[in-house]
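Welcome! Let's take a friendly look at how some rings and helices fit together in a protein model.

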Amino acid sequence: MRLSKIALIVITLPFIVLLWYQWSFTEKFDQVVYPLEYKADIATASKKYSIDPYLISAIIYEESKFNASSRSRVGAAGLMQIMPDTGRWIAEKQGRRFRVDYLYDPKVNIDMGCWYFDFLREKYDDERLALAAYNSGYNNVDRWLNNGLHNNIDDMLETIPFKETRLYVKKVIKTRQRYAELYVGEFK
């Protein structure tokens with residue numbers, strides 16, 4: 001009986017401490033959940049391509065959780081999860097040299113990811129469509145737009161055939177708002 005009381009205390013005490021910390025230091029706790037690393041690189045690239053830095057922070061969070069050495073199961077690499085072929089194409093358009101390992105350099109990855117997002121945003125004139133294309137590829141978004149089954153962009157976004165992409169657009173928008181709330185004034 002005594003052992004079970006001790007076990008109960010050992011199990012519940014960390015949970016109680018965590019709840020107390022979260023209630024007492026909500027913003028700090030949320031900043032642990034939503035980190036903001038590589039702030040200078042995000043600020044530089046966001047300014048260069050006129051993109052909201054909180055949006056770029058949200059993309060990085062959803063793509064890699066700020067893990068610069070992240071690699072997806074399909075081969076996307078780095079903070080903004082750029083596919084090597086896409087990275088090669090971006091580098092060519094930017095007039096820079098390219099090696100796959102450059103995708104793991106935060107400064108290069110963020111700059112290339114911002115350039116690519118800006119390209120997509122200009123192509124579609126809509127951030128949400130650019131996000132969908134960033135996740136699933138612009139050929140898919142072109143096909144969805146050209147199939148003529150949608151009255152407007154909102155309808156198309158709700159009926160994206162790829163569940164992952166449909167959810168990705170919503171998650172990035174929500175995460176962007178969270179970053180803007182948590183890090184007010186960080187990108188001035």
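## Getting ready

Here, a helix axis is a line fitted to C-alpha atoms over the stretch in contact, and angles run from 0 to 180 degrees between N-to-C directions. Two packed helices are described by the angle between their axes and the distance between the axes. Keep in mind that this is a predicted model.

## Two helices side by side

How do helix 6 and helix 8 pack? Their axes are 12 Å apart and make an angle of about 15°. Angles under 35 degrees count as roughly parallel, so helix 6 is roughly parallel to helix 8. The crossing of helix 6 and helix 8 is right-handed.

Which residues meet there? From helix 6 come Tyr-116, Phe-119, Leu-120, Lys-123 and Tyr-124, and they meet Tyr-138, Val-141, Asp-142 and Leu-145 in helix 8.

## Rings that pair up

The structure holds 14 aromatic pairs. One of them joins Trp-89 and Phe-119 edge-to-face, with 5.1 Å from centre to centre and 70° between the planes. This pair links distant parts of the chain: Trp-89 sits in helix 5 (residues 84-94) and Phe-119 in helix 6 (residues 106-124), 30 residues apart.

Are these two rings' residues buried or exposed? Trp-89 counts as partly exposed because its relative accessibility is 26%, and Phe-119 is also partly exposed, at 26%.

Ring pairs also build a cluster from Trp-89, Trp-115, Tyr-116, Phe-119, Tyr-134 and Tyr-138.

## A charge over a ring

Finally, look at Tyr-61: Lys-65 lies over the face of its ring, at 4.4 Å from the ring centre.

Conventions
Residues are numbered from 1 along each chain as its sequence is written. This is a predicted model: local features need pLDDT of at least 70, side-chain atom pairs count only at pLDDT 80 or more; totals for chains, interfaces and linings use all residues. Side-chain values use heavy atoms; hydrogens and water are left out. Rings of Phe, Tyr and Trp (its six-membered ring) pair if their centres lie within 6.5 Å; planes under 30 degrees apart count as stacked, over 60 as edge-to-face and the rest as tilted. Helices (H or I, at least four residues) and strands (E, at least two) are DSSP runs, numbered from the N terminus. Buried means under 20% relative accessible area, exposed over 50%, partly exposed in between (1.4 Å probe, protein chains only). A charge sits over a ring if NZ of Lys or CZ of Arg is within 6 Å of the ring centre and within 35 degrees of the ring normal. Angles under 35 degrees count as roughly parallel, over 145 as roughly antiparallel, 65 to 115 as roughly perpendicular and the rest as oblique. A crossing is left-handed if the near helix is turned anticlockwise from the far one by less than a right angle, and right-handed if clockwise. Contact means heavy atoms within 4.5 Å.
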